[in-house]
Structure formats: C-alpha cells, structure tokens
Amino acid sequence: MYQRIFVIVLDSLGVGAMPDSKEYGDIGVDTFGHIGEKMGTMQIPNLQKLGMANLHSIPGVEPVKQPLGVYTKLRERSLGKDTMTGHWEMMGLYITKPFITFTENGFPDELIKELEKETGRKVIGNKSASGTVILDELGEEEIQKGHLIVYTSADSVMQICGNEETMGLENLYHYCEIARKLTMKDEWKVGRVIARPYVGKKKGEFVRTSNRHDYALKPFSKTVLNALKEEKYDVISVGKIYDIFDGEGLTESNKSKSSVHGMEQTIEKARSDFKGLCYTNLVDFDALWGHRRNPIGYGQEIERFDKKLGELLEVLKNDDLLIITADHGNDPTYTGTDHTREKVPFIAYSPSMKQGKPIEEQDTFAVIGATIAKNFNVPMPEGTIGHSILEELS
Ligand SMILES: O=P(O)(O)O[C@H]1O[C@H](CO)[C@@H](O)[C@H]1O
Ligand SMILES: [Mn+2]
Ligand SMILES: [Mn+2]
C-alpha cells in the first residue's frame with residue numbers, strides 16, 4: 001500500500017484525438033504532439049525518463065530504453081471536454097448530460113435582467129469571447145461607466161470581469177455569488193461562474209490577476225474524494241482542485257499563483273507528513289497557453305514543469321506514488337480558442353517500482369480514482385465508475 005498518492009493534472013495536456021473527437025468538431029487534434037512539432041526539441045529530461053516520449057513520440061525527445069514509469073493513455077468516457085467533467089470522471093463520476101452552454105447567443109435576456117437588477121450594474125459583453133480580448137474591447141467602458149463585463153466560451157461558464165482598483169475584489173466576488181444563485185435555475189445551470197479580476201487602466205495594459213475564483217456546481221454525487229475523507233485520510237488540494245469539486249471531499253486547500261508555484265506547493269507537501277491524497281491542478285498550460293493558441297509558450301511551460309518535477313522526484317519516498325495526467329486537450333495549433341477532445345497521458349511512478357512499462361490503454365479517466373480507492377481500501381461510492389489498475393503499479 002502506498003502511504004501517499006500525488007496526482008498532478010497538467011491542465012489540458014492531451015495526447016491525441018479520441019475516437020469520437022469529430023463529434024466535438026475536433027479533427028486531428030494532438031496537444032502534446034503539435035507542441036512538440038512546433039518546439040522542434042524540448043528540454044524535458046524528467047518526463048522523458050518516466051516514459052513520456054515512449055507514451056507519445058515527439059520530435060527531438062527520444063523514447064528511453066528503460067522508462068521508470070508505468071504509462072498509457074486514458075480515454076474519456078463522459079460526454080464533454082471541460083475541466084469539471086475531466087476531473088470528476090477521474091474521481092469516479094460518469095457525466096452523460098453535458099453542462100449547458102451559451103456559446104452561440106450569449107445568456108438569455110431574462111437572466112441578464114435579473115443580474116442587472118441584483119447587482120445594480122448594467123451588463124456589457126454577453127457573448128462568447130476570449131478573456132483577454134474582451135478586456136481590451138470593454139475594459140475601459142467597465143471602468144468609466146461602472147458596467148459589468150459578462151462573457152462565456154465554448155465551456156459551460158459565466159465569466160465576470162472586475163477591475164481590482166475600481167470595482168474591488170469583494171464587489172466582484174459578491175456579484176459572482178449573485179450570478180451563481182441565479183444560475184442554479186435548471187435552464188441556466190452553467191458548470192461554473194468565474195470571477196475574472198484584472199488590473200490596469202487602459203486598453204493594452206490590462207492584466208488578469210491570480211485572484212480568479214471559480215464558483216462550481218457540486219459534483220452530482222459522491223466521489224472517491226468523499227470516500228477518502230470519510231475514512232479520515234488527508235485529501236489535499238493544490239490549485240484549482242478545491243474549486244472544481246466545490247470543496248467536496250477535500251480536507252485542505254492551497255491556492256496557487258502559477259503552475260510553477262503549484263509545483264512548489266506540491267513539493268512542500270511531499271516534504272511534510274500526511275497520509276492520503278495530494279491532488280494538484282496546474283492550470284497555466286490551459287489558461288495562459290492553450291486557450292491563447294501559443295504552442296511555444298505552452299512548450300516552455302512544460303519545460304518549467306519538468307524542472308520542478310525533477311525536484312519532486314528527489315523528495316518522493318518509497319511508499320509514495322506519483323500519477324501525472326490531464327483533464328482534456330487544448331491543442332494550441334488548432335482553430336478557435338477552445339478545448340479539444342483528446343486522450344490524456346497516464347504516468348505512474350514510485351521510487352519502489354521495480355521497472356516501468358507500457359500498459360494497455362484504459363477506457364476511462366476513472367481508473368485513477370478506482371486505483372486510489374483500492375490502495376487505501378476505501379469503498380467506491382455508489383454509482384461511481386472505474387476499475388483499479390493498482391496491481392500494474394508495483
Ligand atoms: O478566455 P478565458 O477568459 O481565459 O477563458 C477560458 O477560461 C475558461 C475557464 O477555464 C474557459 O471557459 C476558457 O474560455
Ligand atoms: Mn482544464
Ligand atoms: Mn480551459
């Protein structure tokens with residue numbers, strides 16, 4: 001039995017199209033592969049020695065003869081390609097009804113009117129947009145007139161911008177709480193309301209801050225996280241995990257300022273004493289590079305991650321297990337600015353493993369939760385999916 005399991009989610013680092021990607025408008029997508037092609041070569045010695053280039057070959061990074069990790073690809077069983085669906089499936093939920101989206105026409109008038117009434121601010125935007133582009137377009141108007149920028153994307157999200165100096169963080173959070181209450185109505189039930197604070201006074205100078213806050217729906221039923229918490233294990237969140245599960249099943253939250261910071265927090269946890277799960281989400285891959293369609297920025301972020309991974313590997317103990325994975329794709333070379341329906345990597349490593357190897361591709365992300373449940377001998381909550389592959393990880 002492993003005493004501690006670390007699951008690190010490289011947010012959006014897909015490894016190639018799913019058999020059904022076409023139904024999501026995603027043809028030939030491959031986040032990691034296309035980044036590799038654009039980079040030409042990547043300095044990722046730690047991922048490489050665990051077996052990342054064996055799992056998915058890319059230019060300039062050789063597969064290794066004796067990978068240290070047990071590796072494969074995981075297919076997503078749920079219907080969706082968003083962050084919540086991906087993470088919830090990892091912990092056992094099978095989502096068959098996709099979250100509602102407002103990508104085509106923005107939010108309905110009635111909802112906007114209620115939001116205006118309750119916040120006392122006029123709503124501007126109300127369309128699908130990239131968060132940085134809409135700030136350039138409407139940020140000045142929001143500051144000058146005291147309006148509220150509301151926008152969405154291909155995801156099930158209502159995002160609300162707020163200038164930290166003129167609107168203030170507390171006001172922005174308060175408006176988001178109002179929006180979350182309004183959107184609990186069935187026909188408006190978005191997966192997340194997201195506060196998007198920013199600083200700057202004029203177009204071209206606006207920068208979003210790390211005070212982003214997500215107001216997510218609670219998971220529809222109990223996940224493996226709840227099972228662990230109920231059996232008194234530590235269930236530690238690093239980064240966005242706490243928001244994604246709305247705190248359900250978690251015993252500790254550590255917000256991260258960046259993905260590098262998220263790794264530093266994870267290393268800190270590895271140096272400390274706990275028993276259970278440390279679940280880390282590194283969101284910069286997705287938010288700073290995937291959605292911004294910047295393959296080089298993405299590649300360099302992977303390189304920064306790899307350095308920190310090296311430090312983490314040094315502090316792992318014999319009875320620790322590390323799992324590296326992702327929640328969906330976001331191919332920075334693909335059209336549009338949204339997620340892509342992809343398989344995700346699965347690499348498991350422990351200093352006590354005799355040797356790494358490839359294993360059969362798995363048909364759900366939920367093998368992660370099921371394997372964790374099996375390791376800690378906690379019951380899988382009713383209705384959860386997934387089978388354990390713990391025996392393969394020794
Ligand atoms: O363009 P920005 O504001 O970064 O939005 C992105 O971030 C949202 C939440 O992850 C996604 O829905 C995507 O649209
Ligand atoms: Mn994500
Ligand atoms: Mn995203």
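T83 is buried, with a relative accessible area of 1%, and D327 is buried too, at 0%; buried here means under 20% relative accessible area, exposed means over 50% and partly exposed is in between, using a 1.4 Å probe on protein chains only. This is a predicted model, where local features need pLDDT of at least 70 and side-chain atom pairs count only at pLDDT 80 or more, while totals for chains, interfaces and linings use all residues. Residues are numbered from 1 along each chain as its sequence is written, ligands are numbered from 1 in the order in which they are written, and side-chain values use heavy atoms, leaving out hydrogens and water.

So what are those two residues up to? Both T83 and D327 are donor residues of the manganese ion (ligand 2). Donors are N, O and S atoms within 2.8 Å of the metal (3.2 Å for Na, K and Ca), and sites may look incomplete because water is not among the atoms.

| Metal | Protein donors | Distance | Spacing |
|---|---|---|---|
| manganese ion (ligand 2) | D11 (OD), D11 (OD), T83 (OG1), D327 (OD), H328 (NE2) | 2.1 to 2.7 Å | D-x71-T-x243-D-H |
| manganese ion (ligand 3) | D286 (OD), H291 (NE2), H339 (NE2) | 2.1 to 2.2 Å | D-x4-H-x47-H |

At ligand 2, T83 sits in helix α4 (residues 83-90) and D327 in the loop between β12 (320-325) and β13 (344-349), so this pair ties together parts 244 residues apart in sequence. Helices (H or I, at least four residues) and strands (E, at least two) are DSSP runs, numbered from the N terminus.

Over at the manganese ion (ligand 3), H291 comes from the loop between α11 (284-290) and α12 (295-315), and H339 from the loop between β12 and β13, so that pair links parts 48 residues apart in sequence. H291 and H339 are both buried. As for the two manganese ions, ligand 2 and ligand 3 are 4.7 Å apart.
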